[in-house]
Amino acid sequence: MSKPFDLTKFRKTLTKSIEGLGLGFNDPTDWVSTGSYALNFLISGDFNLGVPLGKVTVFAGESGAGKSYICSGNIIRHAQAQGIYVVLIDSENALDEAWLKALGVDTSEDKLLKLNMAMIDDVAKTISEFMKEYKSSEGERPKVLFVVDSLGMLLTPTDVNQFESGDLKGDMGRKPKALTALVRNCVNMFGSYNVGLVATNHTYASQDMFDPDDKISGGQGFIYASSIVVAMRKLKLKEDEDGNKISDVRGIRSACKIMKTRYAKPFESVQVKIPYDTGMNPYSGLTDLFEEKGIIKKEGNFLTYTTLDGEFFKKFRKAWERNEDGCLDAVMSEYKVKYEQTLTTEDEGEIIDGTEAA
């Protein structure tokens, strides 16, 4: 008489026969803020989260779009505040200690390891060797974030050999393949652990009239392999400290578009202001985001919002952008409840259990 199939036994056999097999779910447990509530929300679906450990996140954009400011500045600072150790790999030889300290980064050896690398192979070897030791270690493992600034400047052995020979033919497509392999391996290695990778990359102007978005260097395989992809574009910020329009450029407006995420609705955008003098205001972009979603309403020259407790905010846009009287905090604290109620109300009376309501 044949025995019934034992799923429990199969599970044990499977884990023994395949080395390194991961079972169950690996939902992120630790998140690092980007320094922008609006950008955090578009990436993760929560104003206070941001980018997760256990995944690979890429910020891609043209030079001066704010990639290094967010990744090598804000994200490292917030990671360190959460007790996460950061390994910063600088391929551009551009991240000076004074600049990092000005952004609030702790450059002491017990908080940050800065490596200068030019080769993709060296980055891959460094991460691979680290993960081997990390997995084999006993006891409590530290939380670690790798930051690579940038992937676009990394070289392949072919690049170096051709430069030394004086025959610059290009790397014959080897770099996109190498970047894809790097990201794929990192995604697989990090999944079960509190280790993550945040990287910057370059973009180039699209020549496709039907798809005008800037293209991210590294090929499509690289994008598919990444967990989260944020495209950034540089715009001029011509405002003084009070938000008045001026002719001088006082900073940048970083236009961020979420190209890929599994934690929120993709392809949403926000413009984040980064003044040269003061740096990013964490509330930047929130007012426009809430107005676009219909959470705050326009009444003449005012923007209004009524809380669940009946408190009424009616302020000029500049006051909203300054979070005067905690108006933006109030909306953030109630956003999910308000938004879910809006969706429920819109759905009522249309289809209930597959049957049209009368």
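## Reading strands, helices and buried side chains

Visitor: Where should I start, and how do β3 and β7 pair?

Guide: β3 and β7 pair in the parallel sense over five bridges. Strands here are DSSP runs of E with at least two residues, helices are runs of H or I with at least four, and both are numbered from the N terminus. Two strands pair if DSSP finds at least two bridges between them. Within this pair, T57 stands opposite V198 in β7. Please keep in mind that this is a predicted model: local features need pLDDT of at least 70, side-chain atom pairs count only at pLDDT 80 or more, and totals for chains, interfaces and linings use all residues. Residues are numbered from 1 along each chain as its sequence is written, and side-chain values use heavy atoms, with hydrogens and water left out.

Visitor: What is the mean pLDDT of the protein chain?

Guide: pLDDT is the predictor's confidence in each residue, from 0 to 100. For the protein chain the mean is 87, and 86% of its residues reach 70 or more. Residues 348-358 have pLDDT below 50, and beyond near neighbours in sequence this stretch has six contacts in the model. A contact means heavy atoms within 4.5 Å.

Visitor: How many helices and strands does the protein chain have?

Guide: The secondary structure comes to 11 helices and 17 strands. Of the contacts between residues at least 6 apart in sequence, 64% join residues at least 24 apart. Buried residues make up 41% of the 358 residues in the chain. Buried means under 20% relative accessible area, exposed means over 50%, and partly exposed lies in between, with a 1.4 Å probe and protein chains only.

Visitor: In what order do the eight strands of the open sheet run?

Guide: The order is β5-β4-β6-β7-β3-β10-β11-β12, and the pairing is mixed. At the edges are β5 (112-116) and β12 (269-275), each pairing on one side only. Neighbouring strands are turned by 20° against each other on average, direction ignored. For such angles, axes are lines fitted to C-alpha atoms, for helices over the stretch in contact, and angles run from 0 to 180 degrees between N-to-C directions. Helix α3 (residues 67-81) lies across β3, β4, β5, β6, β7, β10 and β12, running at about 165° to β6.

Visitor: What should I notice about strand β10?

Guide: A general idea helps when you look at any strand. In a regular strand the side chains alternate between the two faces of the sheet. In this model, β10 (residues 228-237) is mostly covered, with seven of its 10 residues buried. β10 pairs with β3 in the parallel sense over five bridges, and A60 stands opposite A231 in β10. With strand β11 (residues 251-260), β10 pairs in the antiparallel sense over nine bridges; there, G251 in β11 is the bridge partner of L237.

Visitor: Is K260 buried or exposed?

Guide: K260, in strand β11, counts as buried because its relative accessibility is 17%. Polar contacts are pairs of N or O atoms within 3.5 Å; within protein, one must be able to donate a hydrogen and the other to accept it, and residues adjacent in sequence count only if both atoms are side-chain atoms. The side chain of K260 has a polar atom 2.5 Å from the backbone oxygen of Y224, and this side chain also reaches the backbone oxygen of S226 at 2.6 Å. Leaving out residues up to four places away in sequence, K260 touches I223, Y224, A225, S226, S227, I228 and V229.

Visitor: Where is S91, and what does its side chain reach?

Guide: S91 sits in the loop between β4 (85-90) and α4 (97-102). At 11% relative accessibility, S91 counts as buried. Its side chain reaches the backbone oxygen of S150 at 2.5 Å. Residues touched by S91 include M117, D149 and M153, not counting those up to four places away in sequence.

Visitor: Which residues of α7 are buried?

Guide: An α-helix has 3.6 residues a turn, so residues three or four places apart point the same way. In α7 the buried residues are K175, L179, T180, L182, V183, C186, M189 and F190. What covers them includes β3 (56-61), α5 (120-136), β6 (144-149), β7 (195-201) and α8 (219-225).
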